[in-house]
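These are my notebook entries from a session spent looking through one protein chain. I wrote each one after looking up a single topic, and I kept them in the order in which I worked.

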Amino acid sequence: MSRRNRPGTSARVKVVTTRIPATSVPSTLGVLLAGGLARRMGGGDKPMRTIGGRTILERVIARLSPQCSGLILNANGDPARFAAFGLQVVADDVPGFPGPLAGILAALDWTATNRPEIEWVVSAAGDCPFLPRDLVARLHEARARENAQLAVAASGKQSHPVIGLWRVALRDELRHALVVEDLRKIDRWTARYPLATVTWPAEPLDPFFNANTVEDISEAERLAVLDEAS
């Protein structure tokens, strides 16, 4: 995923996208992936860092919650540290911190058990504070139009496979890939299925900017001003 975006001063036109009616979007559970080790930021929980007086996680929740039929948080360790956000915390059940695919699997399993009426899960990185407000609608629109089983987001020329739409019915196949095949890269798994890719403009700011380093926090402060003005 692209770590930072530096919008040019000439990009001032706000891009307007057509949204499909909310009633035509299938019920979709959102999972915020926060199970990483944040090594490049010295450890700890990246989503708990503050941007413009609000935690990154608070901003992600505000963006994704209105688009979903519920949100859960994928994180490992003591779940009490996230208690203030009021989300169900679901840990990986594949050992060894195998990456975001394990978090997606945990979300699919949780949905099948606790929300069996829901067939789709949308995943988002817990450190992406500027997610598009039409993320879920456009992923579903592309998935249906292209008769795909999965859909992922992109911006500019960069794909962001961690931001994706996943069919709950594929959870057993994903578990086999993770546990038996030791597969770790999301794009290697998605390559097995009909996949739709939806691209958002990266200007005036990249909606999939994520804070990977301490320096990115400073960039995020600047982008937050642009985001709030849009």
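Entry 1, burial. Before anything else I wrote down the cut-off I would need: a residue counts as buried when its relative accessible area is under 20%. I also noted that what I have in front of me is a predicted model. I tried the cut-off on tryptophan 166, which has 0% relative accessibility and therefore counts as buried.

Entry 2, the ring pairs. I looked up how many aromatic pairs there are, and the count comes to 4. One of them joins phenylalanine 130 and phenylalanine 209, a tilted pair with 6.2 Å from centre to centre and 40° between the planes. Phenylalanine 130 lies in the loop between β6 and α3, while phenylalanine 209 lies in the loop between β9 and α6 (214-229), so this pair ties together parts that are 79 residues apart in sequence. I checked burial for both, and found phenylalanine 130 buried at a relative accessible area of 1% and phenylalanine 209 buried at 0%.

I then came back to tryptophan 166, which forms a tilted pair with tryptophan 189, at 6.1 Å centre to centre and with 35° between the planes. Since tryptophan 166 is in strand β8 and tryptophan 189 is in helix α5 (residues 186-190), the pair ties together parts 23 residues apart in sequence. Tryptophan 189 is buried as well, with a relative accessible area of 1%. I also noted that ring pairs link Trp166, Trp189 and Tyr193 into a cluster.

Entry 3, the sheet. In what order do the strands of the open sheet stand? I read the order as β5-β4-β1-β6-β8-β7-β9, which makes 7 strands with mixed pairing. At the edges I found β5 (88-90) and β9 (195-200), and because each has a single partner strand, one side of each is left without a neighbour in the sheet. The twist from one strand to the next averages 30°.

I followed one pairing in detail, that of strand β1 (residues 28-33) with strand β4 (residues 71-74), where the two run parallel and 4 bridges join them. Leucine 33 has asparagine 74 in β4 as its bridge partner.

Entry 4, helices on the sheet. Helix α1 (residues 56-64) lies across β1, β4 and β6 (120-125), and its direction is at about 165° to β1. Helix α3 (residues 135-145) also packs on the sheet, where it touches β1, β6, β7 (150-155), β8 (158-167) and β9, and its direction makes about 140° with that of β9.

Entry 5, two arginines and a valine. Is arginine 63 buried or exposed? This residue has its place in helix α1, and its relative accessibility of 9% means that it counts as buried. Leaving aside residues up to four places away in sequence, arginine 63 touches Pro129, Phe130, Leu131, Arg133 and Asp227, so I could link this entry to the phenylalanine 130 of the loop between β6 and α3.

For arginine 138, I noted that its charged end sits over the ring of tryptophan 200, 4.5 Å from the ring centre. The C-alpha atom of arginine 138 is separated by 9.2 Å from that of valine 25, although the two residues are 113 residues apart along the chain. Valine 25 belongs to the segment before β1, and with a relative accessible area of 18% it is buried.

Conventions. Residues numbered from 1 in each chain as written. Predicted model: local features only at pLDDT ≥ 70, side-chain atom pairs only at ≥ 80, totals over all residues. Heavy atoms only, no water. Pairing = 2+ DSSP bridges. Axes fitted to C-alpha atoms, helices over the stretch in contact; angles between N-to-C directions. Contact = heavy atoms within 4.5 Å. Buried < 20%, exposed > 50% of the residue type's maximum accessible area, 1.4 Å probe, protein only. Phe/Tyr/Trp six-rings, centres within 6.5 Å; stacked < 30°, edge-to-face > 60°. Lys NZ or Arg CZ within 6 Å of the ring centre and 35° of its normal.
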